[in-house]
Amino acid sequence: MAGAGTLLAASAFSFRPIHAADNKAAPNAISPSDAFEQLTKGNAQYLANEPVDQADYAVDRAARTQAQHPIAAILSCSDSRVPTEIIFDQGPGDIFVVRVAGNVVSTYGLASMEFSVAVLGVPLILVLGHTNCGAVASALQSARERSKLPGHLPELVEAIQPAVDAAHGKHPSDLLAATINENVRLGMRNLTSQSKIIGDAVKSGKVEIKGGVYDLATGKVAMV
Ligand SMILES: [Zn+2]
């Protein structure tokens, strides 16, 4: 089963990609643009309220016990209103999702993304923010009021701070929306600057990184 056991095995015995059992190309051995096209199509199906890919969860359940071949890795916010698979009309096994408040790049999230690239062979990474993001709003508020949040929240706010600074520098009419966009761009940059595995995969053209913002009001994902 391609779960935690595979992750441990991969790290113990070199970071090797998983190949399809019969040496055929893996189902996710597609171009970054084809993967992006599938997500775009899925979001259109979701927008039209006509889900197709999620119609039958039982299909391929047996095959999924053997391997996973996700077409994309998505770094998304934990916000309950942004159910990542659903908004792209993707089913089990289709996308590899790292969710954390504010869709920030953390050490464990980065390791997960590296696993998706080096072992699972995803051709596409999407950093996905969303409108009215509470984590980004908190970072803005914390910077404005110079207030200190409890627990580990200051670390999260600190991770978003470069996006707050970048947005302020552009004097936008909608500071929250601008910061959300900047935070997506920050995440895209961090993935390549903080990970040689991801940086090399992008340089070689194997992987593409895109950024988007999900609109809670319309359900549409707009590219950043
Ligand atoms: Zn959020």
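**Group meeting: the zinc site and helix α6**

Let me start with one cysteine. C77 has a relative accessibility of 5%, so C77 counts as buried, the cut-off being under 20%. Keep in mind that this is a predicted model.

Now, what does C77 do here? C77 is a ligand of the zinc ion, through its SG atom. The other donors are H130, through NE2, and C133, through SG. The distances run from 2.1 to 2.3 Å. Along the chain, the donors read C-x52-H-x2-C.

Look at where two of them sit. C77 is in the loop between β1, residues 72-76, and α4, residues 84-87. H130 belongs to strand β3, residues 124-130. The pair is 53 residues apart in sequence, so it ties together distant parts of the chain. And is H130 buried or exposed? Buried, with a relative accessible area of 1%.

Next, helix α6, residues 134-145. How does its length check out? Take 1.5 Å a residue. The 12 residues should then span 16 Å, and the end C-alpha atoms are 16 Å apart, which agrees.

Which residues of α6 are buried? They are A135, V136, A139, L140 and S142. Seen down the helix axis, these buried residues fall within an arc of 165°, so they line one face of α6.

What covers them? The cover includes α7, residues 153-169, and α8, residues 175-194.

One last point, on the backbone. R146 comes just after α6. R146 takes a positive phi, about 50°.

Methods: Residues numbered from 1 in each chain as written. Predicted model: local features only at pLDDT ≥ 70, side-chain atom pairs only at ≥ 80, totals over all residues. Heavy atoms only, no water. Donors = N, O, S within 2.8 Å, 3.2 Å for Na, K, Ca; no water. Helix = DSSP H or I, 4+ residues; strand = E, 2+ residues; numbered from the N terminus. Buried < 20%, exposed > 50% of the residue type's maximum accessible area, 1.4 Å probe, protein only. Expected span 1.5 Å × (residues − 1). Arc of directions from axis to C-beta. Contact = heavy atoms within 4.5 Å.
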